[in-house]
Amino acid sequence: MTNRATTTTMSTVPVAGAKTTAPKTSAAGATISATPVAAGATADERWEMTDFEIGRAYRLAKDPEMMIDILADLNAVSRRKMRRKMVALGLIPAKRQGAKSGSHWSAEEDKLLERAMEEGCSFAAAAARLAGRSVKSVRNRWERLQAEFLSARKAAGL
C-alpha cells in the first residue's frame, strides 16, 4: 500500500503524434508525470502539465517557493511565466500593482506617516494607510525623517 501523502502519481492521456516526457519527482517526493505535448500546439497549449497537475503539485509541496522553480523547469518555462500561470489559477496572490518602487515621497504622504506614527501605529499599519508603499519603505522613510529632524535640531543648537 502506498502512502498518498508522500507519493502521488498523475496519469497522462496519450495524444496522437505527441512527444512524451518521462515522469519526474518533485522535491516533496511526489512523482509527477507530464502530459504529452501535441505536435503543432500553440504557445498556450505547450504546457507539459495540466492546470490540475500544477495546482496539485503546488499544494502538496513542502516548500512552495521551491516548487514554483521545479514546476517551471518541468514545463520548460521561465519562473515568471509559471508565477503568472499560478496567479491565473488562483494558487498564489498577484504581486501588488502600482507599487511606488523608488519614487519620491510627497509632503502629503509624509504627513500621513507622521500622523500614523503619532497614533502609535506599527509600520505595517502605516503602510496599509499609504497605497503602494511597502512596510520596509515606510520604515526607511520614517527613520530618514527622524534623522533629518535630529540633524535640524543640532544645526539650530537645540
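**Around Trp 105, Asp 110 and Leu 91**

Let's start with a charge and a ring: the charged end of Arg 133 sits over the ring of Trp 105, at 4.1 Å from the ring centre. Keep in mind as you look at this that the model is predicted. If you go hunting for ring-ring pairs as well, you'll come back empty-handed, since the count of aromatic pairs is zero; for that count, ring centres of Phe, Tyr or Trp would have to lie within 6.5 Å.

Trp 105 also takes us to our next stop, because contact means heavy atoms within 4.5 Å and Trp 105 is on the contact list of Asp 110. Setting aside neighbours within four places in sequence, that list reads Trp 105, Arg 141 and Leu 145. Asp 110 itself belongs to helix 4. With Arg 141 there's a polar contact too, side chain to side chain, at 2.7 Å. And is Asp 110 buried or exposed? Its relative accessible area is 12%, and the cut-off for buried is under 20%, so Asp 110 counts as buried.

Now hop over to Leu 91, which you'll find in the loop that runs between helix 3 (79–88) and helix 4 (107–118). Being in a loop doesn't put this residue out in the open here: Leu 91 has 17% relative accessibility and therefore counts as buried. What does Leu 91 touch, not counting residues up to four places away in sequence? The answer is Ile 54, Gly 55, Tyr 58, Arg 59 and Met 86. Take Gly 55 from that set: Leu 91 and Gly 55 are 36 residues apart in sequence, yet their C-alpha atoms are 6.8 Å apart in space.

How values were computed
Residues are numbered from 1 along each chain as its sequence is written. This is a predicted model: local features need pLDDT of at least 70, side-chain atom pairs count only at pLDDT 80 or more; totals for chains, interfaces and linings use all residues. Side-chain values use heavy atoms; hydrogens and water are left out. Helices (H or I, at least four residues) and strands (E, at least two) are DSSP runs, numbered from the N terminus. Buried means under 20% relative accessible area, exposed over 50%, partly exposed in between (1.4 Å probe, protein chains only). A polar contact is a pair of N or O atoms within 3.5 Å; within protein, one must be able to donate a hydrogen and the other to accept it, and residues adjacent in sequence count only if both atoms are side-chain atoms. Rings of Phe, Tyr and Trp (its six-membered ring) pair if their centres lie within 6.5 Å; planes under 30 degrees apart count as stacked, over 60 as edge-to-face and the rest as tilted. A charge sits over a ring if NZ of Lys or CZ of Arg is within 6 Å of the ring centre and within 35 degrees of the ring normal.
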